[in-house]
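Hi,

Here's the model I said I'd pass along. Have a look at it first, and my notes follow below.

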Amino acid sequence: VHVLRSGASPVRLFARQLGEAIEITDELPMRTTELRLGWLAFQMAHGVLSPFDRRASLQTVLPGYVAIPPGSLVRLRSGYPPRRWTLDHSRGPEADYDRQEAEEAVRAGLDRSILRYLEAAPRDATIAFELSGGMDSTVIAARALALMRQYGDRRRIASFSLVYPFHEFRHEPAFITAAAAHVGLPNIQLNGAASLPFADWNDPIPRRVGPEPALQQVGRKQLETTLRAACAEADSAVLFHGQGGDTLFGFGPGRQFRVGRPPDRPRWIGRRAWDNVRAEWNTMQAFFPDTPDGHHQQYFSGANIDDGWSDWVLCRGTGAVRACGFTDAGLLRAVGRLWSFEHEPNRGPYKAIQRRVFSDELPDPIRNRSHKIPYDGLYVRGYRRSGPRLFALVESHADMLSDEGLKPRSIHLAIERLISGNLDDDVLLSMLLASLEWLDMTRTPC
């Protein structure tokens, strides 16, 4: 069976083989008791590879299921591993537009993407938004609400923001408030500390944000549980967010992230588990080599433009919230065309294209800001306060870790080294511990 998917579909598809038959479904069953062997290595690999989206891989966290991402051709054949080809979405009329035409096409492409999600949501559901105080989520919310008013959509609306009690975040609530007021959204501020238990919340001393990018992935994995719970309480089936905007407006098709050399194997990861990590790494390198063509393919495949949470289907309770990001081939091409007019793309304000195209959707405080503190950042020094609980977390999952080819005692020693200030394994270890935390928070009876 060959499954051909356009790059404009907002729906995630998964498939599994049942004897000679192949089942295709739009959501994975929520069964944390059936996670496939090697799923922790899969999580760790993509934490290090962040911000690459899992769409480059056909793997899923459940055994027997493979992903069929938009913008691809996947071959499913009984008795053989699945094979995937990425479609080239760089060709289209937008590639030849002048600057004004390209700017209009960017707005039209974003509106098309938003409308697809609005049309797919139940008519009695709340439409929710995640507002971080940055440009991406503000633009998404502003355009979505404008389209709802234009088409007479009277569904309930809500927005959620995560706030944190640490020094660097002290200015962010003001930007969140400005975004909510500008777009006209009721806003609920959630306690981010509850979803990021590793951080050192009681230390007011300013400190460097980082290390990135893996800590952002850890943050998303944990805060995503908090946001899903808030959406479930608000009876929301859709959550709009700004993930993907950095790739579109901050980097473009010529400044993509690079899949370089993998890190050295830590002592606490066995060779079998490390083989799984390297397999995912090699998959990424095969799809996105560190060449101009590889960067071009990564950008136009939409691999890290699409919604970053939509494949996280193992959530608390029974409701699966569909997270909405950027999914439109015409939008990619139009933004790519605008980047071709930027003669010095590394100079000038960050996301200059977005500031210009969506100036009406951005209130002055957000449009004029020069940087934003990552709202989902984690800080390794917080392990000092969470050490005993993290030791207990590892101990409670010792059997599963051993089955995965990981070494619980060595993990314990690695946490002790982090507490003492050794950051050698912080990226992989953070992803591992966040995955265990996520598993504890999302485990529900089938």
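S137 touches E130, L131, S132 and G242, leaving aside residues up to four places away in sequence (contact means heavy atoms within 4.5 Å). This is a predicted model, so local features need pLDDT of at least 70 and side-chain atom pairs pLDDT 80 or more, while totals for chains, interfaces and linings use all residues. Numbering starts from 1 along each chain as its sequence is written, and side-chain values use heavy atoms, with hydrogens and water left out.

Back to S137: the residue sits in helix α3 (residues 135–150), helices being DSSP runs of H or I with at least four residues and strands E runs of at least two, numbered from the N terminus. S137 is buried at 4% relative accessible area (buried is under 20%, exposed over 50%, partly exposed in between, with a 1.4 Å probe and protein chains only). Its side chain reaches the backbone nitrogen of S132 at 3.2 Å. The C-alpha atoms of S137 and H241 are 5.2 Å apart, although 104 residues separate them along the chain.

Next, T126, in strand β7 (residues 126–130). T126 is buried too, with a relative accessible area of 4%. The side chains of T126 and R156 share a polar contact of 3.1 Å (a pair of N or O atoms within 3.5 Å; within protein, one must be able to donate a hydrogen and the other to accept it, and residues adjacent in sequence count only if both atoms are side-chain atoms). Beyond four places in sequence, T126 touches residues including I157, A158 and D235.

Cheers
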